[in-house]
Amino acid sequence: MIKLFIAAVKMQFRDRLSLFWAFVFPAMFIIIFGLFNFDRPGSTTIALVNRAPESGSEQYIKGAQQFIEGFKKVAYFKITEEYKTEDDAVKALKDDKVEFVLVIPATAAAPSSANGNLPHIQLRIVDDEKNKITNQIVMAGLRNFLAEVNLDIAKAPRLFSLNEEPLSAGEVKKIKYMDILLPGILGMALMTMSVIGLAADLSLYRQQRILKRILATPLKPGIFVIATVFSYLVLIAVQVTVLLALGHFLFGAQIYGNLINVYLLSLLGAILFLNVGFIVGSFSKSPSSASSLGNIITMPLMFFSGVFFPANSLPPVMYSVVQFLPLTPLLDALRKVSIEGASFLGLGKDLALVGGWILITLFVATRTFKFRQD
Amino acid sequence: MSVINVKNLVKKFGDLTAVNEISFEVQQGEVFGMLGPNGAGKTTTLEIIEGIQEPTSGQTSVLGMDSQKQSDEVKERIGVQLQASAYFDNLTLGEILDLFGSFYKKQLGPDKLLESVELRDKKNSLVKHLSGGQKQRFSIAASVVNDPELVFLDEPTTGLDPQARRHLWEYIRQINQQGKTIILTTHYMEEAQRLCDRVAIIDMGKIVALDTPANLINNLKSSYRINLTFAERMSAEIFKQVQGVIDARELTGDDQPQPRVQLRVNKAMESLPSLLGLVEQQEIRLEDIEMQPANLEDVFLELTGKELRD
């Protein structure tokens with residue numbers, strides 16, 4: 001039994017194709033999505049054109065200068081002064097090199113009654129209609145900034161102020177996309193490994209009559225099945241470790257919950273999808289048909305069960321169906337543990353769904369998978 | 001003493017009767033062959049005796065134990081080589097033998113096994129790096145990993161070239177000389193004739209004859225086969241009137257470069273002069289004449305009316 005288990009593990013780690021699917025394939029997702037960097041702050045670039053020095057009064061130039069210095073301190077925006085004329089800046093906007101053009105005009109605006117009959121700097125904004133959301137954020141930020149500047153100049157006292165306090169007294173939890181992605185990739189990787197890897201192995205063993213050859217020995221078929229399952233659990237434990245390490249050390253993903261719970265959930269998921277692997281392996285005559293059939297089953301799960309984004313961000317009608325797919329509760333539970341630090345007690349519904357799927361697939365697998373086929 | 005006992009064995013797959021009321025015994029220490037074309041029911045019979053398939057009806061026993069009811073005990077004491085069976089791709093020869101040995105109570109070491117089939121230097125190689133002949137030798141070594149009393153070999157030389165095939169016979173004989181009984185299936189006439197002490201000729205799920213190769217041939221009506229090669233196509237009918245000719249037919253097929261007629265005769269020396277006289281009277285020129293003593297192929301032909309190769 002021990003010898004069989006060791007041999008099965010050896011085979012796992014000598015099979016290059018299975019190693020590719022176990023490690024390289026999911027790692028590619030982590031690296032590619034990691035490099036996209038969806039969380040980059042200050043992604044809005046504003047082209048600032050200061051025309052004040054052209055013909056403004058000394059006071060006017062100074063005022064514009066003060067504005068620019070203050071404006072640059074607002075970290076949210078990325079400001080470039082590389083475009084010297086308004087035309088250049090607008091051209092850059094059209095070419096999508098910048099999202100916004102802010103022009104300080106050459107001369108002050110005429111005094112108006114709204115402004116206490118004083119001359120003032122009237123900033124001009126050119127934006128692109130298609131970036132509606134960015135425009136709103138930038139405009140809100142600008143108004144806020146200008147209001148502050150105006151109040152400062154008027155030396156007006158503040159009646160209200162805000163003091164932002166983080167929810168937990170200790171560290172601030174800044175959830176990055178990688179924190180959300182990593183549990184998804186874990187689930188996807190262990191699913192494809194369990195379903196396609198096992199089904200391909202089983203159909204190969206059948207095709208090459210290895211199962212029959214084992215049947216001709218006194219070894220109990222059940223023991224061979226158990227050794228195979230355990231070898232997969234070892235491979236999946238290594239897979240989870242490698243992917244977690246990659247996400248954490250290369251892209252700074254955080255596991256806020258208990259790491260042991262992440263492993264336990266992965267184990268449950270592996271058991272569920274290994275059952276599916278036995279079912280797929282029962283219906284496949286060759287490794288290539290096993291991998292096609294396996295893909296037909298795992299692909300929709302990969303897209304609908306929330307590998308790349310939480311499934312509950314799907315339209316509610318879709319989610320009401322998708323939430324019952326086998327991968328969805330597993331990924332939900334993995335994210336609750338890794339991001340929210342949930343304990344197993346808080347995963348009742350997800351665990352019930354995963355458990356239910358384990359029972360269903362186990363039942364079907366024991367009916368369909370036959371060692372001997374006459 | 002008989003080590004295998006098969007009684008009224010029947011195996012049906014749906015409407016198809018693969019094994020139809022087969023009975024025979026195998027004696028201890030002999031090489032017993034089952035000769036027949038593909039699909040004759042040889043493999044099914046073997047696998048039922050080994051306890052890896054269930055019969056539809058009938059009994060099989062091995063070393064006095066029922067193949068089905070006592071299959072675990074049976075499996076401990078037999079060695080099996082399956083037809084076209086492979087071994088794990090990602091384990092070395094040594095590891096595979098070690099692993100399969102661990103399935104049995106009694107086991108021989110990988111070194112000794114590999115030594116016996118001259119694969120000692122391939123201990124750390126993978127099966128996929130072996131030649132066809134080496135694979136078959138390895139497969140035979142793997143079948144005796146538990147030092148069995150009985151060895152089942154299903155088509156052990158299929159797919160090998162004639163030289164590798166003869167080479168493999170030597171290993172099979174060696175195993176037999178260690179006192180192990182061997183039961184093998186083959187569709188090569190020569191293999192059955194050279195290797196087996198007794199041969200069961202099987203066709204369409206039935207044993208049509210069972211005896212030593214020599215007896216099977218001696219009991220034939222024809223003792224010789226005469227092949228006549230002609231310059232042009234020649235009808236076989238006229239030869240049937242010659243005394244002593246049991247059967248005459250035209251040989252057709254892609255492997256026949258020239259028109260040939262095959263005759264089977266019981267006493268070649270008596271029939272030959274009148275045959276040649278008959279040929280003289282024909283307009284078609286005789287190019288070659290060839291005589292062969294009868295073999296198991298003729299036995300099969302006479303008993304079933306079919307060529308073994310079909």
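This passage goes through the overall build of chain A, one residue in its first helix, and then the domains and strand pairing of chain B. The model is a predicted one, so everything below is computed from its atoms.

Chain A comes first. It carries 14 helices and six strands. With a radius of gyration of 30 Å, against the 21 Å that the globule rule gives for 374 residues, chain A is well over the mark and so more spread out than a compact globule. The C-alpha trace tells the story in another way, spanning about 100 × 45 × 40 Å along the principal axes of chain A. The domain assignment splits chain A into domain 1, made of two stretches (2-37 + 176-368), and domain 2 (45-154). Between the centres of domain 1 and domain 2 of chain A, taken over C-alpha atoms, there are 54 Å.

As for packing, 44% of the 374 residues in chain A are buried. Of the contacts in chain A with a separation of 6 or more, 76% are between residues 24 or more positions apart. The accessible surface of chain A adds up to about 20,100 Å², and carbon and sulfur atoms hold 64% of that.

Now for a single residue. Gln12(A) sits in helix α1 of chain A, which covers residues 2-14. Its relative accessible area is just 5%, which is under the 20% cut-off, so Gln12(A) counts as buried. Which residues does Gln12(A) contact, leaving aside neighbours within four places in sequence? The partners are Ser18(A) and Leu19(A), along with Asp201(A), Ser231(A), Tyr232(A) and Leu235(A). Ser338(A) makes a handy reference point: 326 residues separate it from Gln12(A) in sequence, and the C-alpha to C-alpha distance is 28 Å.

Turning to chain B, the domain assignment again gives two parts, domain 1 (2-218) and domain 2 (224-293). Their centres, over C-alpha atoms, are 39 Å apart.

Chain B has an open sheet of six strands, ordered β6-β7-β8-β3-β9-β10, with mixed pairing. At the edges are β6 (78-81) and β10 (206-211) of chain B, each of which pairs on one side only. From one strand to the next, the twist averages 15°. At the β10 end, β10(B) pairs with strand β9 (residues 198-203) of chain B in the antiparallel sense, over five bridges. One residue pair here is Ala200(B) with its bridge partner Leu210(B) in β10(B).

Two helices lie across strands of this sheet. Helix α1 of chain B (residues 42-50) lies across β3 (31-35), β6, β7 (150-154) and β8 (181-186) of chain B, and runs at about 150° to β7(B). Helix α5 of chain B (residues 132-143) lies across β6 and β7 of chain B, at about 160° to β6(B).

Further along chain B comes strand β11, residues 224-230. Six of the seven residues of β11(B) are buried, so the strand is largely enclosed by the rest of the structure. Which strands pair with β11(B)? One is β13 of chain B (residues 260-265), antiparallel to β11(B) over six bridges, with Leu228(B) standing opposite Val261(B) in β13(B). Another is β14 of chain B (residues 286-293), also antiparallel and joined to β11(B) by seven bridges. In that pairing, Ile226(B) has Met291(B) in β14(B) as its bridge partner.

How values were computed: Residues are numbered from 1 along each chain as its sequence is written. Chains are lettered from A and ligands numbered from 1 in the order in which they are written. This is a predicted model: local features need pLDDT of at least 70, side-chain atom pairs count only at pLDDT 80 or more; totals for chains, interfaces and linings use all residues. Side-chain values use heavy atoms; hydrogens and water are left out. Two strands pair if DSSP finds at least two bridges between them. Helices (H or I, at least four residues) and strands (E, at least two) are DSSP runs, numbered from the N terminus. Axes are lines fitted to C-alpha atoms, for helices over the stretch in contact, and angles run from 0 to 180 degrees between N-to-C directions. Contact means heavy atoms within 4.5 Å. Domain bounds come from an automatic or database domain assignment. The radius of gyration is taken over C-alpha atoms; the globule rule is 2.2 Å times the number of residues to the power 0.38. Buried means under 20% relative accessible area, exposed over 50%, partly exposed in between (1.4 Å probe, protein chains only). Accessible areas come from the Shrake-Rupley method with a 1.4 Å probe; for residues, only the protein chains shown count as cover.
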